[in-house]
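This report is an introduction for someone who has not seen the structure before. Please look over the sequence and the fold first.

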Amino acid sequence: MSESHSTLKTRRKPTSDEETTENQTNKMKTTSDEGILAKVGFLKRMGPRWRNWWIRGIFSLILLGSFALIIYLGPIAMWLLVALIQLKCFHEIVSIAHSQYKKHQLPLFRTLQWYFLGVSNYFIHVETFQYNFEGL
């Protein structure tokens with residue numbers, strides 16, 4: 001076998017920048033596991049399993065209460081909630097697509113996509129909004 005075909009990978013020693021990044025990542029993992037609610041009152045004395053159940057229960061009630069409040073506020077609040085969720089989802093999709101096409105250096109890549117979203121939402125939602133909410 002010739003030398004060009006044999007590839008031996010040697011393990012190199014990490015640089016100081018890589019070591020600090022790895023140390024910071026390990027610190028973040030240990031501190032994020034505890035969380036703010038796990039340090040509060042009666043949750044400190046519980047085991048990790050029951051603490052997890054209580055934290056999930058508390059946030060479930062917060063989410064259900066928030067959703068009930070939005071329903072109570074009426075159709076405009078629900079429409080705004082759906083629009084905000086749509087915008088955030090679109091932002092994530094555009095970010096993923098931009099990372100894929102960054103190497104091609106396409107001009108105004110994100111601007112054109114956001115413009116298309118704005119125009120399509122205008123023509124889809126404004127007519128419906130005007131028709132359904134005339135009396136408000």
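The text below goes from the whole chain to its helices and then to two residues.

**Overall make-up**

The model is predicted. The protein contains four helices and zero strands, and along the sequence its elements run in the pattern α-α-α-α. Of its 136 residues, 8% count as buried. The protein exposes about 12,600 Å², and 65% of this area is supplied by carbon and sulfur atoms. Taking contacts between residues at least 6 apart in sequence, 33% join residues at least 24 apart.

**Helix α2 and its partner α3**

Helix α2 covers residues 48–73, which is 26 residues. From its first C-alpha to its last, α2 reaches 37 Å, close to the 38 Å expected at 1.5 Å a residue. After α2 comes G74, where phi is positive, near 110°. Helix α3 takes in residues 75–101.

Two packed helices are described by the angle between their axes and the distance between the axes. For α2 and α3, the axes come within 5 Å and cross at roughly 125°. Because of that crossing angle, α2 is oblique to α3. Where the two helices meet, α2 contributes I70, I71 and L73, while α3 contributes A77, M78 and L81. Sorted by class, this contact has six nonpolar residues, no polar residues and no charged residues.

**Two residues in their surroundings**

I70 lies in helix α2. Leaving out residues up to four places away in sequence, I70 touches A77, M78 and L81. These three residues of α3 also belong to the meeting of α2 with α3.

L117 is located in helix α4, residues 109–132. Is L117 buried or exposed? Its relative accessible area is 8%, so L117 is buried, the cut-off being under 20%. Neighbours within four places in sequence aside, L117 is in contact with Q86, L87 and F90.

The table gives a C-alpha to C-alpha distance for each of these two residues.

| Pair | Separation in sequence | C-alpha to C-alpha distance |
|---|---|---|
| I70 and L80 | ten residues | 9.6 Å |
| L117 and L87 | 30 residues | 8.8 Å |

L87 thus appears twice for L117: in the table, at 8.8 Å, and in the list of contacts.

Terms used: Residues are numbered from 1 along each chain as its sequence is written. This is a predicted model: local features need pLDDT of at least 70, side-chain atom pairs count only at pLDDT 80 or more; totals for chains, interfaces and linings use all residues. Side-chain values use heavy atoms; hydrogens and water are left out. The expected span of a helix is 1.5 Å times one less than its number of residues. Buried means under 20% relative accessible area, exposed over 50%, partly exposed in between (1.4 Å probe, protein chains only). Contact means heavy atoms within 4.5 Å. Accessible areas come from the Shrake-Rupley method with a 1.4 Å probe; for residues, only the protein chains shown count as cover. Axes are lines fitted to C-alpha atoms, for helices over the stretch in contact, and angles run from 0 to 180 degrees between N-to-C directions. Angles under 35 degrees count as roughly parallel, over 145 as roughly antiparallel, 65 to 115 as roughly perpendicular and the rest as oblique. Ala, Val, Leu, Ile, Met, Phe, Trp, Tyr, Cys and Pro count as nonpolar, Asp, Glu, Lys and Arg as charged, and the others, Gly among them, as polar.
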